[in-house]
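Q: Hey, I'm new to this one. Can you walk me through it, a piece at a time?

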Amino acid sequence: MNLIALGGVIGAGLFVGSGVVIQSAGPAAVVSFLIAGLITVLIMRMLAEMTIAKPALGSFYVYAREALGNRAGFAVGWMYWYFFVIVVAVEAVAGGRILQLWVPDVPLWVLSLGLLLILTGTNMVSARSYGEFEYWFSSIKVVAIVVFLVVGALYLFGFWPGAHGGVTNLVSHGGFAPLGIGAVLAAVVPCIGFYTGAEIVTIAAAESAEPQKAVAKAMRSIILRVVLFYVGSVFLVVAIKSWDDPATAVSPYAAVLEVLGIPAVATIMNAIVLTAVLSCLNSALYTSSRMLFALTSNGDAPKAFTRLSRSGVPRRAILAGTVIGYVSVIAAYTSPNLIFQFLVNSYGAVALFVYLSIALAQVRLRRRLEREDPDKLTLKMWLFPWLSYATIALMAGVILAMALLPSTRSQFWLSAVTLALILVGFEFRRRRGKPVAGVPAEPAPVEPERGAAPAALRE
């Protein structure tokens with residue numbers, strides 16, 4: 001569970017996308033990652049409080065529905081599902097492009113489709129197979145980051161062969177924040193996107209033997225590691241390699257390894273990034289299927305997706321999540337600048353909408369638990385309610401910034417269109433007034449669950 005939490009956070013965005021942030025903020029990108037990490041830690045603490053007090057299949061979808069109403073729950077569940085089915089598509093295409101570096105004669109769509117089929121197959125077997133794959137994917141990423149931190153520190157302290165040591169690169173190319181404080185704050189927006197995924201552990205916990213213990217341990221450990229891995233490694237990048245070097249923008253970690261004289265840099269980084277891509281693809285398939293399965297519990301998704309295999313896997317929900325992935329792989333081949341680009345931009349702010357909903361739900365559920373069952377609050381949000389309100393304000397500020405900044409404005413508005421279509425879907429469902437048979441339309445009390453679903457639902 002610890003590695004699932006870490007694996008959800010450490011994606012290809014850290015190894016490649018961080019270069020874009022460094023180019024837009026300079027060495028002060030370290031501050032951008034620190035602010036984004038702080039916001040993420042606060043959101044995860046709020047979510048951990050709810051998960052440990054009231055474990056539920058569907059996690060924050062259930063909490064949003066109970067605290068904010070049916071409409072909000074419907075929107076949160078479907079937004080999160082849509083976010084991860086687009087991640088499936090994006091990561092499949094990204095993985096295909098990396099593989100194409102080694103097998104250039106094979107068409108991109110064939111490689112992307114192959115990766116999608118392989119990881120869909122592993123997810124169809126059992127939740128354990130997902131966990132095993134994610135364990136090894138995450139282990140490789142964590143080891144890579146730890147090794148990078150160690151050798152980078154040795155270089156800065158002058159213990160690496162040929163190293164001069166020191167951190168003059170932090171200020172010798174226009175200062176620590178050469179593009180201004182505004183650029184540093186603007187860079188927080190994409191940084192939060194890189195952190196998205198830590199919440200997957202609260203969804204996976206429903207299928208663990210001890211969900212409360214697993215979430216508590218994972219959330220406590222992830223705080224220090226997120227800050228260390230992201231902020232520490234980005235600090236080493238801007239301290240060792242000048243921030244305005246073109247190589248830093250393309251692949252910051254590879255640029256640092258070149259300075260250190262590591263042989264076969266390109267091959268090493270491509271292998272690490274491919275691992276990160278496969279990890280994200282694996283997690284996205286798992287997460288989208290479990291969220292779709294959870295949506296059926298209140299009639300928010302078709303009853304057909306409640307069916308489980310003998311091993312307790314919602315195979316129909318997994319296949320539903322891959323449909324957009326297959327379509328997107330085809331779109332990336334036939335219409336990369338229109339259809340595929342639209343899909344990529346249409347989910348940019350969706351995760352931020354979900355995070356804001358988590359924060360709002362936590363405030364309401366915390367008040368209710370304090371009145372009705374305070375003994376369940378074994379892990380609490382720090383400095384409640386003021387830090388919860390501050391988190392809500394920070395998230396609202398990030399979303400507003402995304403709407404105003406030229407570089408992210410299109411993503412915000414297309415994501416708003418996605419939200420609007422989901423709300424239209426809720427109105428259609430509400431007007432039909434036909435919840436799933438045997439399932440109440442109104443949210444039932446959330447009870448602790450140990451398995452993915454009752455055995456009676458299994459095929």
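Q: Let's start with Val31. Is it buried, exposed or partly exposed?
A: Keep in mind this is a predicted model. In it, Val31 is partly exposed, with a relative accessible area of 31%.

Q: Which helix is Val31 in?
A: Val31 sits in helix α3, which covers residues 29-53.

Q: And what is Val31 in contact with, leaving aside neighbours within four places in sequence?
A: Phe176 and Val184.

Q: How far is Val31 from Gln362 in space?
A: Their C-alpha atoms are separated by 27 Å, and along the chain the two are 331 residues apart.

Q: OK, new topic: cysteines. How many disulfides are there?
A: The count is zero.

Q: Why doesn't Cys191 have a bond to Cys280?
A: A disulfide needs the two sulfur atoms within 2.5 Å. The closest cysteine sulfur to that of Cys191 is in Cys280, and at 16 Å that is too far for a bond. Looking from Cys280, the closest cysteine sulfur is the one in Cys191, again 16 Å away.

Q: Are those two buried or exposed?
A: Buried means under 20% relative accessible area. Cys191 has 0% relative accessibility, so it counts as buried. Cys280 comes in at 15%, so it counts as buried too.

Q: What about helix α9, is it enclosed or open?
A: Helix α9 spans residues 188-195, and six of its eight residues are buried, so the helix is largely enclosed by the rest of the structure.

Q: Which ones are the buried residues of α9?
A: They are Val188, Val189, Cys191, Ile192, Phe194 and Tyr195. After α9 you reach Gly197, which has a positive phi, near 130°.

Q: How many residues are in the largest nonpolar core?
A: It has 147 residues. Those with the most contacts inside it are Phe15, Phe33, Ile43, Phe60, Met269 and Leu292.

Q: Which helix gives the most to this core?
A: That's helix α5, residues 70-102, with 18 residues.

Q: Pick up Leu292 for me. What does it touch, not counting residues up to four places away?
A: Leu292 touches two tryptophans, Trp78 and Trp81, along with Ala301, Phe305, Ala317 and Ala320.

Q: And Leu274, where is that found?
A: Leu274 is part of helix α14, residues 265-295. With 11% relative accessibility, Leu274 counts as buried.

Q: What is Leu274 in contact with, beyond four places in sequence?
A: Gly95, Ile98, Leu99 and Trp102. Leu274 is also 9.0 Å from Gly96, C-alpha to C-alpha, although their positions lie 178 residues apart in sequence.

Q: Last topic: helices α4 and α17. At what angle do they cross?
A: The axes of α4 (residues 60-68) and α17 (residues 350-372) cross at roughly 60° and come within 8 Å. That angle makes α4 oblique to α17.

Q: Left-handed or right-handed crossing?
A: The crossing of α4 and α17 is left-handed.

Q: Which residues make the contact?
A: On the α4 side, they include Phe60, Tyr63 and Leu68. On the α17 side, Val354, Ser357 and Arg368 are among them.

Q: Is Ser357 buried or exposed?
A: Ser357 is buried, with a relative accessible area of 14%. Not counting residues up to four places away in sequence, Ser357 touches Leu68 and Val76.

Note on methods. Residues are numbered from 1 along each chain as its sequence is written. This is a predicted model: local features need pLDDT of at least 70, side-chain atom pairs count only at pLDDT 80 or more; totals for chains, interfaces and linings use all residues. Side-chain values use heavy atoms; hydrogens and water are left out. Buried means under 20% relative accessible area, exposed over 50%, partly exposed in between (1.4 Å probe, protein chains only). A nonpolar core is a set of buried Ala, Val, Leu, Ile, Met, Phe, Trp, Tyr and Cys residues joined through side-chain atoms within 4.5 Å. Helices (H or I, at least four residues) and strands (E, at least two) are DSSP runs, numbered from the N terminus. Contact means heavy atoms within 4.5 Å. Axes are lines fitted to C-alpha atoms, for helices over the stretch in contact, and angles run from 0 to 180 degrees between N-to-C directions. Angles under 35 degrees count as roughly parallel, over 145 as roughly antiparallel, 65 to 115 as roughly perpendicular and the rest as oblique. A crossing is left-handed if the near helix is turned anticlockwise from the far one by less than a right angle, and right-handed if clockwise.
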